[in-house]
Amino acid sequence: MTRNEAPASTSYTLSSATSREATATVGTALKRLAPLMADEKRTLALVLLAIIVSTGSALLAPVIISRAIDVNIRNRDFLGLLGLSALLLVIYVAGLIATYVQTQRMGTVGRRVLFKLRNALFTKLQELPLDFFNQNKSGDLISRINNDTDKLNQFFAQSLVQLASNISLMAGAALLLLTLNPRVGIAALLPALGVLILTRLTSTWVRQRNLKGLQSLGGLSADVQESLSNFKVIVAFNRLDYFRQKFDEANQKNFAAAVSAGIAGNMFISIFGLAFNLAQLSALSYGAYLIAAGQLTVGMLIGVLMYVNSFYTPLRQLAAVWASFQLALAGLDRISAVLKLESNMPIATGEPARSGPVLEFENVHFSYPGGQEVLKGGTFTLERGKTYALVGPTGGGKTTTASLMARLYDPTGGRVLLDGRDIRSYQPEGRTRKVGFILQDPFLFTGTIRDNILYGNETYQAYANEHIVGLLTARNLDGLLARFAQGLETRVASMGEGISLGQKQLIAFMRAVLRDPEILILDEATANIDTVTEQLLEEILAKLPPSTTKVIIAHRLNTIANADEIFFINAGDITPAGSMQHALDMLLHGKRAS
Amino acid sequence: MASTPTTAGAPQPAVPRRSSLFSLLGPYTPLVAALVALTILGNGLNLMVPRLIGRAIDGYTEQRPILAGLVLELFLIALGIFFFAYLQNVTQTYASERVARDLRTRLVAKLSVQDHAYIQRVTPAVLLTNLTSDVDAVKMFVSQAIASLVSSVFLIIGASVLLLSINWRLGLAVLSILPAIGVSFFLVFARVRKLFVKAQAAVDTLNHVINESILGAALIRLLNSQHLEYLKFLAANTNARDISLSILRLFASLIPAIVFGTNLATLTILTLGGRFVIQGSMSLGDFSAFNNYLFILIFPVIIIGFMSNIMALAGAAFQRISNVLDTPEQPDSGTITARLRGDISVRDVHVTFDAKSVLKGVSFAVQAGTKTAVIGPTAAGKTQLLYLLTGLLKPDSGRVEYDGRSIDDYQKIALHEQIGFVFQDSIIFSLTLRENIAFSKTVKDEDLEKAITTAELKDFVDGLPDKLDTIVSERGSSLSGGQKQRIMLARALALNPRVLLLDDFTSRVDSTTERKILENVQRNYPGITLLSVTQKIGPVEDYDQILLLMEGEVLASGTHRQLLDTSPEYVQIYDSQRSTSLYELHA
């Protein structure tokens, strides 16, 4: 990518969150997990050894028992029986140790892999640009990531060990059944084959039913959430019936889908049981025929029946684990989709340090993926220490222009220059030190006001409260802090609940000003603050160092009245308005986008 | 069935959790009875299998030709087991889903008669959990625990009796191992359960960090604080992993121990049973049956352990659900349905919220058909005042009156039909634009038209591909803040209200549009009583009354002129906005 050529806007849209079909096979899943297991090779080798020993012990026991019956019991040799019993005890103890090692080590590997996977996912989320979060609804994204990691958690924490040992146990039992007596073995394994074919044939059908069940459940909680968070409107407009009706519909639909999914899924539990009984039956009747023909001993038949047990019991457990395994695969699939995404905002290198106006737009074009052009070749320059106002109707492109200044997005054409240098060539630390941005919708983290004001501010992090208050006072921010009852230690609940929008804006304001940015962008940052307080904010802004450049987006005209220059932004065009009066004329008579 | 009490109605805090969980099943007695019967039938047949196999083996040993009848019998039993097991699965799925559905219906029916304050107090998030994961926990109990417990108890008793009847000495020896397995399982599981609670809390923290990092994505990128978020996440993730590892350590020793215990029982059967066979006091077939019954025995012991966990979870979940279901209802005592004139009177109203005084003795009166503005700084209690006037919030003391009668005397529905409230935050439902605006059911077509025209939405609606039938939604839609707010206004106006309450309506609408809209309201809704909470004095200068609300108190009231003469605070606000007014005059 050459430096002047901006990347085409990238699509970050993730496939529908409701699709739970695992497109991945076990093989691709293993391939995806392989890098995370690279340093676990020694442990995995130990686990493999333990699995072999424990499987061997579980499978050797029936051989010994059938031999004890055939040789010792039938020949009334109690001493020999005791000898074999002692051998059996040794084998069981070996099995005990091996099972412990296997469960413990394998479980540890699983949890460590999950730990790494979660870290990788979170790191990726942090690397991705804002585009990604805009293109995916945050609610969907949250539930998707929480659900998928939870499915993986359940699998890694509970099912993985079972899966590994069950498969090896089944394989061993099948092998021994066949070596003990190939014909009886085949007869005993046939029902399993039948079940396997049946499962394959019906899996799509079952999965579709499950999918429907999950979708209707998702719809149900989405409906409830919408209604509960908007309860005041529902009450004020007498629409409690709407809430109940809409819910009843979703509830009934979910009931039907869940019953049908449950019946489809549970069918297999009984079919696996049937297969086990049929296997016993066929081993028994075919065995009877072979015994009559003198080709099988009774002891061997009892052994066969025990192997039938040790083959079908794990098979039935596997059926239960399999569902969790499928869900985990689907979850891994969707997590990999996120992990595969790359940031479309790489840092350009080799740009020499230059000096120039503090900010410059060079024929900047911008469009959101799949959308119309929001900016059509904007060119303008911002001088150091001046105040600029961006005005225009809603939806005209003001916020987009401001976002480009802070490199929340990259332009789809043209360049944004910060201090004469392409903004894409800055390391993030350098850029964020220069550009401060107060967002339209302020976001607060759970914690205290102190946490929120100092958020992302490494330098002041360790300072005592008195010191912080001193720093705030030096920037005339103490008056704002005084509006919070417990000062810096005022609690902020989850997602800032219980704090009014205006107060959130005050906190965001303190957070931005305390960072001493070279450019301070305010995007409707005072819309919900009363005018007296707003005037206080203006005084604070006026007392910022003279070199600070201010960019203000506002509806209220008094907020922009003191601007050195006003840009009118509408329908993708950025025009200098010249005077306040001209800006007003344009606002009044200009074509509105909204 | 009808006589079984359900938990609805009277609160029953003293009743132990488990019994209340079972009392939930009262209305479903026939279903549960069918479930228990099917479970017992299926498992009863299951118990016959080892015996039959034992008989077959004895047949071989004694060189008797195997009976075709025996094979047939086994085959029929296998089919029977399948049949009953399948019916049992269908029944438990159906029963559990029905219980879940009915529980949700009851919860929502309860919620829909509660007032707004209740929802706020309990919080939507908690209620959502009640309706989803708590109901799921109860569902899990019905779908798994009932049948599993019945079958486990039945199998343990049945298999034990059979073992003892075949050979009581060997039976006793084998059964002595069972309690050891059961007790050790139970002890370990009790510790694991505590860890499970911790593990869930750890996962919640993890999700919390993820949620904030997604919702605050823009801020994090602006401040380049990704590393900080990563550190938070790493701490939560490490904690989750460590708890999970300690659960693993317990399980890793538990499962092999159980297997070993079972194996010891096998060993006992081989040695002791072998001796009995050698002595001739037991047949080889019985010996084989013993081994098979052992497998049947062990599984239920483990199942009971797991089910105790499911039941504990379900019991706690049902307790939370019961708390909601047992909330006393607040019947609408109001009877007045008369058309409002529009006189409003607020007398000495106090409101506290989270132990903080929000309104401290607020009194004022508004005459029907006049325009009143409430002006005041952030967090002065303005929004709470509007909530009071709609009955969304109840005062701790003091009175709110309409036309001289207390707001409580009015039938809520009748009152809400006549008061249009435009909320500060835009709330859009995932419905068509028509349904969003004509949200109340009483809206007629001409009222809808008038509301749309008044809110200056006509051009916008005409510009949409499906006009009023376009589906809009809160998120992901291309509605701007101003458009959303005008939709909210149209929704209130579509009621054809007698009283219109505006909460900071103008914060996201530009002043030109705002002026037009207010003129439209005056023209199209003559005689309407208007109460507007706002930050800007300019548009409300000509109002009949302006209230200055600060720190929960009415500092001053009067016309714009009067306030300029009497209230220094008002003058201060006015001065701070003068530049605005200047320009707005030009405009």
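**Entry 1: a loop in chain A**

I looked up Arg76(A) to start. Arg76(A) sits in the loop that joins helix 2 (41-73) to helix 3 (78-127) of chain A. The model is a predicted one, and I read every value here as computed from that model. The phi of Arg76(A) is near 55 degrees, which is positive although the residue is not glycine. I noted that because most residues other than glycine have a negative phi. Is Arg76(A) buried or exposed? I counted 14 C-beta neighbours inside 10 Å, so Arg76(A) is classed as partly exposed.

**Entry 2: a similar check in chain B**

Next I went to Asp403(B). I found Asp403(B) in the loop between strand 4 (397-402) and strand 5 (405-406) of chain B. Its phi is positive too, near 50 degrees, and Asp403(B) is a residue other than glycine. There are 16 other C-beta atoms within 10 Å of Asp403(B), so I put it down as partly exposed.

**Entry 3: helix 15 of chain A**

I then followed helix 15 of chain A, residues 501-514. It has 14 residues. From first C-alpha to last it reaches 20 Å, close to the 20 Å expected at 1.5 Å a residue. How many of the residues of helix 15 of chain A are buried? I found 13 of the 14, and I call this helix mostly covered. After helix 15 of chain A comes Asp516(A), with a positive phi near 50 degrees.

**Entry 4: the chains as wholes**

I tallied chain A at 18 helices and 12 strands. It has 594 residues, of which 48% count as buried. I also checked its contacts between residues at least 6 apart in sequence: 79% of them join residues at least 24 apart.

For chain B I noted 19 helices and 12 strands. Its radius of gyration is 36 Å, well over the 25 Å from the globule rule for 587 residues, so chain B is more spread out than a compact globule. Along the principal axes, I read the span of its C-alpha trace as about 115 × 55 × 50 Å. Of the 587 residues of chain B, 45% count as buried. Among its contacts between residues at least 6 apart in sequence, 78% join residues at least 24 apart.

**Entry 5: two helix pairs**

Within chain B, I looked at helix 5 (residues 124-166) against helix 10 (residues 284-325). They pack at about 155 degrees, with axes 6 Å apart. That angle is over 145 degrees, so helix 5 of chain B is roughly antiparallel to helix 10 of chain B. I recorded their crossing as left-handed.

Then I looked across the chains. Helix 8 (residues 240-292) of chain A packs with helix 2 (residues 29-61) of chain B at an angle of about 5 degrees, and their axes are 11 Å apart. These two helices are therefore roughly parallel. Which residues make the contact? From helix 8 of chain A I listed Asn277(A), Gln280(A), Leu284(A), Ala288(A) and Ile291(A). From helix 2 of chain B I listed Val49(B), Ile53(B), Ala56(B) and Tyr60(B).

**Entry 6: Gly334(B)**

Last, I looked up Gly334(B). It lies in the loop between helix 10 and strand 1 (344-353) of chain B. I counted 18 C-beta neighbours inside 10 Å, so Gly334(B) is partly exposed. What does Gly334(B) contact, leaving aside neighbours within four places in sequence? I found Asp408(B), Asp409(B), Tyr410(B), Gln411(B) and Lys412(B). I also took the distance from Gly334(B) to Thr378(B): 34 Å, C-alpha to C-alpha, with their positions 44 residues apart in sequence numbering.

Terms used
Residues numbered from 1 in each chain as written. Chains lettered and ligands numbered in written order. Predicted model: local features only at pLDDT ≥ 70, side-chain atom pairs only at ≥ 80, totals over all residues. Helix = DSSP H or I, 4+ residues; strand = E, 2+ residues; numbered from the N terminus. Expected span 1.5 Å × (residues − 1). Buried ≥ 20, exposed ≤ 12 C-beta atoms within 10 Å, placed from the backbone. Rg over C-alpha atoms; globule rule 2.2 N^0.38 Å. Contact = placed C-beta atoms within 7 Å. Axes fitted to C-alpha atoms, helices over the stretch in contact; angles between N-to-C directions. Parallel < 35°, antiparallel > 145°, perpendicular 65-115°, else oblique. Left-handed = near helix turned anticlockwise from the far one by under 90°.
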